[in-house]
Every structure is written in structure tokens, then in C-alpha cells.
Amino acid sequence: TMDIGTFRLELPEGYEERLFDPDALGDIADKLLPVGGSAPDFSLETPEGKVITLKDLRGNVVVLDFWATWCGPCKLAMPGVQRLSDKFQGKPVKVFGISTWERKDADPAAFMKSGNYTYGLLLKGNDAAEAYKLEGLPTFYIIDPNGRILYASAGFLPDKEQEISEVINK
């Protein structure tokens, strides 16, 4: 017989063990910025070096997907984010993935290209993540044409794309 301790991982110093609880996603969402409030402005660069600010996007519905190349649920959400971008192409809707909390050697632009993701990419979103009260990834925000928050949600579930699409349509 084998000792079950053989399969027990030692926790690195300074870390704590927490079991995933899908019901706790609601608790994380409660810490996000409130719907109806003003969305904080941000100034972020595209991979080509173009600076995008939230103020510049006024007049559009803006979908923000805070994500990272190392984040499994973020990767699961990306095909749906691409479909949203495609669905609202040519309408006053702007979809951006904001690369956040990346490792030093990460290349979010190459990652998106390899997955054929063509929606907007904004880099180095750590300050924006703080302003938007992120607790985890992915986190989604929808901002109305006047800069007010219409929707805020943490985590990924398969119905997220449909939920976001309905908010945009309203």
C-alpha cells in the first residue's frame, strides 16, 4: 500500500490553501465597482503602442475583459469574447481584453494571434485592475456610452457570453 502523504503537496511559505467554491464568485463580484457608478478612466497601450483611454471611447458601449495568458478560465472565456466582438462589429460597441497580472516573459499579443483573437488588446492593465477592484480573473465590465458601469462580473461560466450580449442589446 502507498502512503497518501506521498501525494500531498507542501504549501509554499507565505501561501494559504483555499478550496474553490463556485458560490463564492458572488462574494468576489460584491467587491467590484457598483453598477450605475462611474467607470474609472484608464490610459493603456495597444501592442502597436497606441494609447487608448476610456474617455476616448465615450459614445460606445465598452466591454472590458481583464485576463492573463496563464489563467485557465480566461482562456475558456476568450472564444465567447471573440464572438461578442464579431457580433457587434460595425456597431458602437468596443471590446477589449486587458492583459493583467502577467508574468515577465508573457506575450499577450502573440497569445491572442495564435488563437486568432482579433478584438482589442490593451497591455499592462495592473493599475486599471486596481482601479476596477479586481479580486480575480477573468473579470468583465460593461460600460455605457456615458462612462457608467452597466455590468460587473467575476469568473467564467459558459453563460457569460449570452449574459453580456443581453446587457449590450439593452
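**Q&A: a walk through the fold**

Author: The protein chain has five helices and seven strands (DSSP runs, H or I of at least four residues for helices and E of at least two for strands, numbered from the N terminus). It's a predicted model, where local features need pLDDT of at least 70 and side-chain atom pairs count only at pLDDT 80 or more, while totals for chains, interfaces and linings use all residues. Residues are numbered from 1 along each chain as its sequence is written, and side-chain values use heavy atoms, with hydrogens and water left out.

Reader: In what order do the elements run from the N terminus on?

Author: There are five helices and seven strands to place. Read from the N terminus, they go α-β-β-β-α-β-α-β-α-β-β-α.

Reader: What share of the residues counts as buried?

Author: Buried means under 20% relative accessible area, exposed means over 50%, and partly exposed is in between, using a 1.4 Å probe on protein chains only. Out of the 170 residues of the protein chain, the buried share is 41%.

Reader: And among contacts between residues at least 6 apart in sequence, what percentage joins residues at least 24 apart?

Author: A contact here is heavy atoms within 4.5 Å. Taking the contacts between residues at least 6 apart in sequence, the portion that joins residues at least 24 apart comes to 73%.

Reader: Which residues form a disulfide?

Author: The rule asks for a pair of cysteine sulfur atoms within 2.5 Å, and by this rule the count is one disulfide. The two sulfur atoms sit 2.3 Å apart, and they belong to C71 and C74.

Reader: Is that disulfide right-handed or left-handed?

Author: Both ends are out of the way: C71 is buried at 4% relative accessible area, and C74 is buried at 0%. The torsion about the S-S bond of C71 and C74 is about 80 degrees, so the disulfide is right-handed.

Reader: Is N60 buried or exposed?

Author: N60 belongs to the loop between β2 (51-53) and β3 (61-67). Its relative accessibility is 13%, so N60 counts as buried.

Reader: Which residues is N60 in contact with, leaving aside neighbours within four places in sequence?

Author: Start with a local partner: a polar atom of the N60 side chain lies 3.1 Å from the backbone oxygen of L57. Once neighbours within four places in sequence are set aside, the contacts of N60 are P92, V93, K94, I143, D144 and P145.

Reader: How much space lies in the largest cavity?

Author: On a 1 Å grid over the protein atoms alone, a cavity is a set of points where a 1.4 Å probe fits but cannot get out, and lining residues have an atom within 4 Å of a point. The structure holds one cavity of 30 Å³ or more. Its lining includes L57, N60, I143, D144 and P145. The space in the largest cavity is about 40 Å³.

Reader: How do the lining residues of the largest cavity divide?

Author: Ala, Val, Leu, Ile, Met, Phe, Trp, Tyr, Cys and Pro count as nonpolar, Asp, Glu, Lys and Arg as charged, and the others, Gly among them, as polar. Sorted that way, the lining of the largest cavity has five nonpolar, three polar and two charged.

Reader: Which element gives the most to the lining of the second largest pocket?

Author: A pocket is an open set of grid points with protein on both sides within 12 Å along at least five of seven lines. The second largest pocket holds about 260 Å³ and is lined by 14 residues, with P47, E48, Y119, G120 and L121 nearest its centre. Two elements, α3 and β5 (120-122), give two or more residues to this lining. The one that gives the most, with three residues, is α3.

Reader: Where is the cis peptide bond from L137 to P138?

Author: Most residues other than glycine have a negative phi, and most peptide bonds are trans. The bond from L137 to P138 is cis, with omega near -10 degrees. P138 is in the loop between α4 (126-131) and β6 (139-143).

Reader: What is the relative accessible area of N116, and what is that of K124?

Author: N116, in the loop between α3 and β5, has a positive phi of about 60 degrees. K124, in the loop between β5 and α4, has a phi near 55 degrees. Each is exposed: N116 at 61% and K124 at 75%.

Terms used:
Polar contact = N/O pair within 3.5 Å; in protein donor to acceptor, adjacent residues only side chain to side chain. Points joined across faces, edges and corners; volume = space filled by probe spheres on them.
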